[in-house]
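Visitor: Could you take me on a close look at a single part of this protein, the empty space inside and what surrounds it? I'm new to this, so please go step by step.

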Amino acid sequence: MSKRLLSLLGTLAFAAPLALAQTSTWVPDKPHCEVNFTIFHHSLSNVRGRFGNIGGAIVLNESDITKSTVNVTIDVTTVDTGFAMRDTHLKSADFFDIAQFPTSTFVSTSVVKSGSGLTVSGNLTLHGITKPVILQVEGPTGPLTGDDKKPHSGFSATTTISRKDFGIGGKFPTSVIGDEVKLTMDLDVAKQ
């Protein structure tokens, strides 16, 4: 009996490092990552914008992607719609209130295979409010070796949120600024 126990312990001791080796950490390559948004304006047309300086990490389980985790940080102070006066207003307390809430985060709670992509559920914290969201994800693409000589993979995720649910632009009716905000997150991540 003790020989079997020793054999089992030896096998576990050998297998433990292999189990740890099945995960890898990937971080955003900041110049190649952004979150884009689209919202209806004055019931006439869409306004588009972006956030840059994306941070965080994806812990990728290489043997079972559904056991992976995502933690992304969005620098809300980088909001850019291509019109400086609107960007200044978006940064104010009327909207994102970047003085109080300079970042937004997404933390996954589950990853599920969905056709050729993934469905990633998680919690989005924006403007100090946390709500569950579901991302439809294409990827991973690659990996390819980047200029930094590290493997890089790509992901593109989409979702739609309600600005009102996050307390953004509350004094503006939906006839002026739509409630639904379409988000697209494009990530080029590098293996660490």
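Guide: Let's start with a term: two strands are said to pair if DSSP finds at least two bridges between them. Keep in mind that this is a predicted model. For a warm-up, look at strand β2 (residues 34-41) and strand β3 (residues 45-51), which run antiparallel and are joined by seven bridges. One example is Ile39, whose bridge partner in β3 is Val47. The two strands form a hairpin with three residues between them, and His42 in that turn has a positive phi of about 50°. Follow the chain into the loop between β3 and β4 and you reach Asn53, which has a positive phi of about 55° although it is not a glycine.

Now for the empty space. Rolling a probe the size of a water molecule over the atoms shows where empty space is left. Here the count comes to one cavity of 30 Å³ or more, and the largest cavity has a volume of about 170 Å³. It is lined by 15 residues, and the closest to its centre are Ile58, Val70, Val120, Val137 and Phe155. Who supplies the lining? β4, β5, β7, β8, β9 and β10 each give at least two residues. As for chemistry, the lining has 14 nonpolar residues, one polar and no charged.

Let's zoom in on Phe155, which sits in strand β9. Phe155 has a relative accessible area of 13%, so it counts as buried, the cut-off being under 20%. Setting aside residues up to four places away in sequence, Phe155 touches several others, including Ile58, Val137, Gly139, Pro140 and Met185. Met185 is a nice case: Phe155 and Met185 are 30 residues apart in sequence, yet 7.9 Å apart in space, C-alpha to C-alpha.

Two of those contacts, Gly139 and Pro140, are worth another glance, as a cis peptide bond joins them, with omega about 10°. Pro140 belongs to strand β8. Pro143 is also found in β8, and the peptide bond from Gly142 to Pro143 is cis too, with omega near 10°.

Last, step back to the largest nonpolar core, which has 40 residues. Val120, which we met by the cavity centre, is among those with the most contacts inside this core, along with Phe51, Phe96, Ile161 and Leu187. The largest share of the core, six residues, comes from β10. Leu187 ties the story together, as it is also one of the residues that Phe155 touches.

How values were computed
Residues numbered from 1 in each chain as written. Predicted model: local features only at pLDDT ≥ 70, side-chain atom pairs only at ≥ 80, totals over all residues. Heavy atoms only, no water. 1 Å grid on protein atoms, 1.4 Å probe; cavity = no way out; pocket = protein on both sides within 12 Å on 5 of 7 lines; lining within 4 Å. Points joined across faces, edges and corners; volume = space filled by probe spheres on them. Helix = DSSP H or I, 4+ residues; strand = E, 2+ residues; numbered from the N terminus. Nonpolar A, V, L, I, M, F, W, Y, C, P; charged D, E, K, R; others polar. Buried < 20%, exposed > 50% of the residue type's maximum accessible area, 1.4 Å probe, protein only. Contact = heavy atoms within 4.5 Å. Core = buried A, V, L, I, M, F, W, Y, C linked by side-chain atoms within 4.5 Å.
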